[in-house]
Each structure stands twice: as C-alpha cells, then as structure tokens.
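Subject: Structure handover

Hello,

Here is the structure you will be working with. Please open it and keep it beside this email while you read.

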Amino acid sequence: MRPFSLSTALTVLLGVSAGLASAEDAKLTFTDNAAKIFQARCNTCHNADKASGGLNLTTYANMMEGGGSGSVIEPGSPDDSWLFLLVNHDETPTMPPNAPKIPEEEIDILRKWIEAGAPENSGSVVTVKKKPKMEFQLDPSTLGKPTGEPAMPQSLPTEPVLVNDRPGAIVALAASPWAPLMAIGQHKQVLLYDTENKSLAAILPFDEGDVHVLRFSRDGDLLLAGGGRGGQSGRVVVWDVKTGERLIEAGQEYDLVLAADISPDRSLIALGGPSKVLRVYRTDDDSLVYESRKHTEWVTSVAFSPDGVLLASGDRNGGTLVWEARTGREFYVLPGHGDMVTSMDWRLDSNVLASASQDASVKTWDMFTGNQLKSWNAHGGGTTSVRFAKDGRVVTSGRDRTVKLWDQEGKQLKAFGGFNDLALQAAIGHDEKTIIAGTFDGIVRLFNGDDASPLGDLRANPLTVASRLEAIRPEAEAARAAANTALAELEPLRQAAASTAEALAAAEQQVQAAEATAAQATKAVETAAAATAETNAAHQAAVASFQKAAEADAQALAALGNASQAVAAAAEATRVLTEKAATDPSALPEAEAALAQRTKATEAVVPALAAVIASADAVTAARTPLADAVARKQAADTALANAQAAAKAATDALGPLKAAVEQAQQARAAAEAALAAKAPPVEALVATAERLEAQRDALVAELNARQPEPTAAAAANEE
C-alpha cells in the first residue's frame, strides 16, 4: 500500500511500565491504561512539543482532537479508529515505524478500551456511536467485477419526473463497468438506458435539482448522482441499481455539488463544488470525516483510485491535488494545467491518474513519483471529459464537437463526430467497444469503437409512458409484420438447408455402410489368404510324402529286378555247367557251385519281393492324403479368389457413394450459404420486433401497475 502520513515517527520504546492495568479490569480508561501505553510507545514523537502528523497523545483532549488527518479514535469501534488500525498493523504506515507490533496484551487493552467508548477516567460517561442500520461497507478484496450477474434495473418505473420539449445539456453521463447500462443526468431525474437494445430501463427521481455528476460504483451495483440548485443547495444521492432504492444521501451543501465519487469499498463519499471545499463523508451515517480548503476555486472534479487508497480533486483554476483517501493528508500537488480541470479518472491499476482541462490538454500522472507521464492537446478550445477503459485506452470529449479514443501515449486511435454542438461528456461501455457521447444540445449518441460508425441516439427527454406506448404500438406491429414476412421468405431456404443436410446425412450413412462392407470383405480376404497358405503347406507336405513313397517303391522294384536277373543268370550258369558235367565229370564241382549260387540268388528274390509289396502299400497309403490336400488347396484357392472379388466389388462401390457425398456436401454448402446470406437481416428484423414488443409489454405493465383496480361501486356504475 502507499504510505499514509498520519505520522512518520511513532517511536518504539524498549519497555512498558509494569504498572499497566490488566485487560481484564472492570473498566479500562485513558488515564489508567491507554495513556501509559502511549507514554511508553508513542509520546516521544506525539507530544506537545513534537506533534508528528499534528497528533498529540499526552492528554485525553488532545488525543480526541486528532491530528492533521482528522480524528484517530472512534469510540465504540476499534475497526474504525485510525490510530488502532495503525498500531495493529491493519493499515500503513504501521506503528511504531520500522519496528514489530507492540505486545498483543497492550493491543488488547487498547481494543477493549475503545470498544468501551474510550472513557477518559473511571467517572467518565461515554457515548458510543450507534452501528449503521445495514452493513454497507464492502471488503476491498472483493472489489471489481461482481461475482454474480452484473446489476441491471429490475422492473423499475420509466415515467419521467418531467417531460421537456427539448433535452438539457448532457453535463453528467456514466457507463456501468460491467453491464450494458448507462446513466444520463437531467433536471430532477436520472435516466438509465440499456445500451444493447437502446431502451429506457429506469428513471430515478432527483428532487434535489439538476444532476451535475454521475458515477457507478466499481462493481456497478450502485449509482451516485450529485447536483442541486445553484446558490441554494447541493446533495449526493446513491441508488441501488437493481431496485432503485435510495441507499445514501450525503452532504448538505449550500450550493451545487459539481463533483462527487464513492470509494471502492463504499465507505466514503467525496464531493465538492462552488464552496471550494473538498469534503469526505462516511456512507453509514453521513458524518463528515474530513474537509480540505486548499482549493482556490470551485472544485470541479473528484475521483477515488480503484484501490481506494488515494483521492484526486481538481478545481476551476487548474489546481490538481491527490490526497490520502482515508485521512485527507496531502499526497501530491500536480502542477501543469492552465485552466479549469474538467474531469479526472484513474487507470484500473491505480498507478496512473488522467486529468482533462479547459486548456485543451489531457495529462497523465505517475502515482509512484507524482511526475507527469504524458501531456497532449486533445481538443481545441478545451477538453471536457476523460475516462480510462479497462485496457488502458483513454476516451475524451471536447469543445471541438468531437469525441476521441487514444492510446496511453496520446496517440489518437479514432475520432467520433457529427455533432452540432460541444461534446461535453464521453464514456466507454462495459464491452470496451461501445463509445458513448453527450453534447451541449442534449444529444446522446452511441458509436462502434472499432470503426467509429454510429449505433444510434438515446433520448435525453423521454416521453411519458402512455405517449411512448402509443408511439411504440404501431412500430411494434409494423416490425412484427416485417419480421413475419421475412421469416416466410426465409422458410424455403431453411427447408432447403434442412433437406440438403438430411441428404448429406443419408449419403454419409451409405458411405459408412459401404466402408464397413469393404472392411469386412478385406478381412475375409485376409482370412482366406491365411487358410490358403495353410492348405498350401499341407499340400506340399502330402506331395513330399507321396514322392518319398514313390521313390521307395521304385527302388524296391529296381532291387527286385536285380535279384530276378541274378536268379536268371545263376540258372543259366547252372544249366550250362550241368550239361558240361554230364559229359565232363571234371565240371561237376563247378556245376554244384553254380547250383548253390542259384539257390542263394533265388533266396534273395524273396525279401526283394516283400520290399516291393511294402513300398506299393506305402504308395497307396500316401495317395489318399495327397488327394485330400489337393482338394483342400483347390477349395482354399477358390475361397480366396471369391473373397478377393467381393473386396474389389466393395471397394469399387465406394467410389460412386463418395462422389454422391461430395455432391451432397456441395448442395448443403450452397443451401447454407443462401440461408446465411438471407438470415442475418431477417434475424435483425425479428430481434427488432421482439425488442419493440418487449418494450411495449413493459410499458403496458408499467401503465397498468399505476392504474388502480376499479372499485365495486365504480364497476356497478359502469354497468
């Protein structure tokens, strides 16, 4: 937090007198308790000779008088006692400075003493300020964007307090930071407009007189108005945006309130005007917190920083000052404007202040150093307002009859013109895109911030509910008729779009089915190929087995043939030798040997014959598996060929179906393009009709709500 200067030196001492009364005493007093703590901890700097920050704590009277920042003790409420908050390290600068907190038992004594009404002595009669009727103050940590729906008026009256032939100058204008809502100040009334449908959302009576300043709270839930009657009275009023209830009435000026703002935590209201005095009030009881008379001319602008730490104010002489918001201690004097400060606003981070002046300039100020960051001449003849957007851009209005959008370096981004008179006020909508301008001749115009195109005007002098109802009825009927005609013309295009979408869906389903069939066929090919591979292996094994048996049979036949030849040769040799032995006895041994050889050869034929028989049986046995393997192979080959043919057919069928999908897609795209080209203007007509009908119905409901039900006697008389 930025330093506060209630004191710069509450000096810490090393010890506290052992004579301090216990916090459990029946009655804690300044004399017996608090004074001893102050004597030990504070009075070195806060005494009659050295009253740091203007604060003297040596006597009860001096303490209750407070310091240069105002009162420091709020009897009955430690949380509202500035001195206690500093000592308890709830606020800065913490006390004692550059030192740890004083012991908790001493803090507890101070807390209980203040809660008891901060009595001076045991005989004092204390008066404790009553608690506010409602818990109005917010936790500063919750400030900013609301957690729920942004506040919009809920069925509030839109009957004008006054109906004027012409609107007054737009000297007060504000836009809600989070909702499509803007406020326009007029004589004795504040107009709330919905910026999305450009309809009047509520009228808040301001009986105090002319409205000169409007401000939404940081969360958009509250609306502040300041104004009054010149030379007579001035007042600040705060409403609940949703309910229209007056929550606060602050100040009692003897002249107009020209400038006002509510602190982000809703606890304070600052105001100023022709009295040249800046005053700050509590919101819970309208009590004056402090006032400053340093301005030498009318106070024309005030603004709390978004973090609630600082308060800026400007005057008709160009004086620009920054204060500590809680204490009123002077923080910075910002020199540079040569004419009236017309407007001030803070960047969302509270580190930069912007000020606009009748000297034509806009200046931005660094709150860490107090130095000027940028200065540029925004509008010839004078700049009348300045507002920061959430992203840091700046919107201004001026006497040159224009509204302008700038970056933070002072580079112009857009200009919004076309006015016949001075542009007095400008704001930027919650969407960071809608630019709102108000002029001296009562024109309130909305612009598109992206291209500077006008979005329409809002009436600052609205008619009565009855007159608006009378005017809007034929307009709503005409709008509904135009919308119905356009809808009828749009219907064939919608049907065509629906039909082509259905056709495309059907074509895509056919493709999906065909793709599923092709996938199944491909899988069947894979299965058939696997079966074919298996049967091929079995066939090859059967062929190999048959070939082996055939080879063995051939070998057996060859062996039998050899044995038979050997028998024949032995028989021939035996015959020849037997014939020779008949004539030649000496050949008899040879004949006997040949006979023996013949017998041996004959015996060898028997196993050879058996082998032939066995091999013939083996060949016969191998022939059956071979036949089976051949049959299975032929069947597998046929199944594979059939699966391949089916897969090819399924794949070939996909081509035309995909072509049909492409044609259906093109047809749907063409139908949707035709519908898209025609639909927006039709939707705009429908939206207009619905908006006008909603406004008509709201006006009817409001008018009926104000008309009492006829009494029984009146009803009888009518009959």
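Below are some notes on strands and on aromatic side chains. Please keep in mind that this is a predicted model.

Strands 4, 5 and 6

A good place to begin is strand 5, which covers residues 233-240. Is this strand largely enclosed or largely open? Six of its eight residues are buried, so the rest of the structure largely encloses strand 5.

Strand 5 has a pairing with strand 4 (residues 222-229), antiparallel and made of eight bridges. To find your way along this pairing, look for Gly-226, which lies opposite Val-236 of strand 5. The two strands make a hairpin with three residues between them, and there Gly-231 has a positive phi near 70°.

Strand 5 also pairs with strand 6 (residues 246-253), again in the antiparallel sense, over five bridges. Here Gly-234 is opposite Glu-253 in strand 6. These strands form a hairpin too, with five residues between them. Which residue in that turn has a positive phi? It is Gly-244, at about 75°.

As background, side chains in a regular strand alternate between the two faces of the sheet.

Strands 15 to 18

Further along the chain there is an open sheet of four strands, in the order 15-16-17-18, with antiparallel pairing. Its edge strands are strand 15 (341-346) and strand 18 (372-377), and each of them pairs on one side only. On average, neighbouring strands in this sheet are turned by 15° against each other, ignoring direction.

Within the sheet, strand 15 is joined to strand 16 (residues 352-357) by five bridges in the antiparallel sense. One position to check is Ser-343, whose bridge partner in strand 16 is Ala-356.

Aromatic rings

How many aromatic pairs does a search of the whole structure find? The search gives nine. One of the pairs is Phe-331 with Tyr-332, an edge-to-face arrangement with 4.5 Å from centre to centre and 70° between the planes. Tyr-332 has a relative accessibility of 17%; the cut-off for buried is under 20%, so Tyr-332 counts as buried.

There is also an aromatic cluster, made up of Phe-30, Phe-38, Tyr-60 and Trp-113.

Two tryptophan rings have a charged group over them. At Trp-298, the charged end of Arg-316 sits over the ring, 3.8 Å from the ring centre. At Trp-178, the charged end of Lys-390 is over the ring, and the distance to the centre is 4.5 Å.

Regards

Definitions and conventions: Residues are numbered from 1 along each chain as its sequence is written. This is a predicted model: local features need pLDDT of at least 70, side-chain atom pairs count only at pLDDT 80 or more; totals for chains, interfaces and linings use all residues. Side-chain values use heavy atoms; hydrogens and water are left out. Buried means under 20% relative accessible area, exposed over 50%, partly exposed in between (1.4 Å probe, protein chains only). Two strands pair if DSSP finds at least two bridges between them. Rings of Phe, Tyr and Trp (its six-membered ring) pair if their centres lie within 6.5 Å; planes under 30 degrees apart count as stacked, over 60 as edge-to-face and the rest as tilted. A charge sits over a ring if NZ of Lys or CZ of Arg is within 6 Å of the ring centre and within 35 degrees of the ring normal. Axes are lines fitted to C-alpha atoms, for helices over the stretch in contact, and angles run from 0 to 180 degrees between N-to-C directions.
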